[in-house]
Amino acid sequence: MEPGNETPISEFILLGLSNEPELQPLIFELFFSMYLITVFGNLLIILAVSSDSHLHTPMYFFLSNLSFVDICFISTTIPKMLKNIRTQNKVITYEACIIQMHFFILFATLDMFLLTVMAYDRFVAICHPLHYTVIMKPWLCGLLVLLSWIMSALNSFIQSVMVLGLAFCTDLEIPHFFCEVNQVVQLACSDTFLNDMLMYFAAGVYGGISLIGILYSYSKIVSSILGISSARGKYKAFSTCASHLSVVSLFYCTVLGVYLSSAATHSSQSSAVASVMYTVVTPMLNPFIYSLRNKDIKRALKRIIGMAAI
């Protein structure tokens, strides 16, 4: 691309999930409902944990942080998408696009690290139950969450700054419902080699650290559970990590499914539709997964609902 064709830009166009006008009301209603369910579901989890003293433990401390991050995660993309559909205006300013991309990377990375921290918590609880309260002290729990925020913020800051250094030309249409970093980089008419290398490096390092930590923790957990002699003991030990394992499987399977399917089909529109799984569906299902199989959460939620009904 000739340097003369590079001009300062002020906005991008988000093409969304579909260009069919008749589908827009249905998409709006569907995603608006999913957004409300996600926000209220995760808020209930946070309220239950904060209001019930029995839930003031490391496991529920991490769960409330995950619920907060899930609210922020979905709020980064869906409100703008709903506004675009309602106003029939697909424009997003350059500044807003960079900000959205920054916070999307931040909360996506935070999700990964919090799931890893929760896996470590379950590892200590099952493999070292007698030392659990000694190891998982409040200061360590706070430090683990703080480190997760710092590493996530560093990742999102570096990637956002790298995108700010790119030059864009006339093709400003993003075939997605939000400013996904890979889609934005592909629109640049300057050299994107460093950006591509950074994205692959960050995905490999951050995703690799998280996945290795989770797999290691659960390999030890499975080994410990198999060593329990009674069937009841095995069931009780497994039930304490079943919800977390379900959330981990849902998150990583959907993320891997999105990127493997997009690599196979090379369709940006298909990738946008598939991205709904981990950007919307996973945060929406997390409260249900943790509450339906958890007696402590259900008890706290019943008490909150009972108080609200009075």
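**Entry 1. Asp 296 and Arg 299**

I began with Asp 296, which is partly exposed at 30% relative accessibility. The model I am reading is predicted. Asp 296 forms a salt bridge with Arg 299, and I note 3.2 Å between the closest N and O atoms. The two residues are three apart in helix H11, which means that about one helical turn separates Arg 299 from Asp 296. I then asked which residues are joined into one network by salt bridges that share partners. I find Asp 52, Asp 296 and Arg 299 in that network.

**Entry 2. The other bridge of Arg 299**

I next looked up the contact between Arg 299 and Asp 52, whose side chains meet in a salt bridge at 3.8 Å, N to O. The pair links distant parts of the chain, the residues being 247 apart. I place Arg 299 in helix H11, residues 295-309, and Asp 52 in the loop between helix H1 (24-51) and helix H2 (58-75). Are the two partners buried or exposed? Asp 52 has a relative accessible area of 5% and is therefore buried, the limit being under 20%. Arg 299, at 38% relative accessibility, counts as partly exposed.

**Entry 3. The remaining salt bridge**

How many salt bridges does a search of the whole structure find? I record three. Besides the two of Arg 299, I list the one in which the side chains of Arg 122 and Asp 121 meet, at 2.8 Å from N to O. Asp 121 is buried, at 1% relative accessibility. Arg 122 is buried as well, with a relative accessible area of 7%.

**Entry 4. Disulfide of Cys 97 and Cys 179**

I turned to the cysteines. A disulfide is a covalent bond between the sulfur atoms of two cysteines. My search of the whole structure returned two disulfides. In one of them, the sulfur atoms of Cys 97 and Cys 179 are 2.1 Å apart. I read -125° about the S-S bond of this pair, a left-handed link. Which parts of the chain does the pair tie together? Cys 97 lies in helix H4 (residues 94-127) and Cys 179 in the loop between strand S3 (173-174) and helix H7 (181-186), so the parts tied together are 82 residues apart in sequence. I note that both Cys 97 and Cys 179 are buried.

**Entry 5. Disulfide of Cys 169 and Cys 189**

I then examined the disulfide that joins Cys 169 to Cys 189, with an S to S distance of 1.9 Å. Why is this disulfide right-handed? The torsion about the S-S bond of Cys 169 and Cys 189 is about 90°, so I enter the disulfide as right-handed. Cys 169 sits in the loop between helix H6 (138-164) and S3, while Cys 189 sits in the loop between H7 and helix H8 (193-226), so the pair ties together parts that are 20 residues apart in sequence. Cys 169 counts as buried at 6% relative accessibility. Cys 189 has a relative accessible area of 16% and is also buried. With the bonded cysteines numbered in sequence order, I write the pairing as 1-3, 2-4.

**Entry 6. Cys 127 and Cys 241**

I asked why the sulfur of Cys 127 makes no bond with the closest cysteine sulfur. That closest sulfur belongs to Cys 241 and is 9.3 Å away, which is too far for a bond, the limit for a disulfide being within 2.5 Å. From the side of Cys 241, the closest cysteine sulfur is that of Cys 127, at 9.3 Å. Cys 241 is buried, at 1% relative accessibility.

**Entry 7. Pro 21**

I located Pro 21 in the loop between strand S1 (11-14) and H1. Pro 21 is exposed, with a relative accessible area of 61%. I also looked up Ile 85, which is 64 residues from Pro 21 along the chain. The C-alpha atoms of Pro 21 and Ile 85 are separated by 9.7 Å.

**Entry 8. Annotated spans**

I consulted the UniProt record, an unreviewed entry, for "transmembrane region". The record lists residues 26-47, 59-78, 98-118, 139-158, 197-216, 237-260 and 272-292. I checked residues 139-158 against the model and find 100% helix and 0% strand, with the end C-alpha atoms 28 Å apart. How far apart do the end C-alpha atoms of residues 197-216 lie? I enter 27 Å for that span, which is 100% helix and 0% strand.

Key. Residues numbered from 1 in each chain as written. Predicted model: local features only at pLDDT ≥ 70, side-chain atom pairs only at ≥ 80, totals over all residues. Heavy atoms only, no water. Salt bridge = Lys/Arg side-chain N within 4 Å of Asp/Glu carboxyl O. Helix = DSSP H or I, 4+ residues; strand = E, 2+ residues; numbered from the N terminus. Buried < 20%, exposed > 50% of the residue type's maximum accessible area, 1.4 Å probe, protein only. UniProt positions renumbered as here; feature names shortened; annotations may be inferred.
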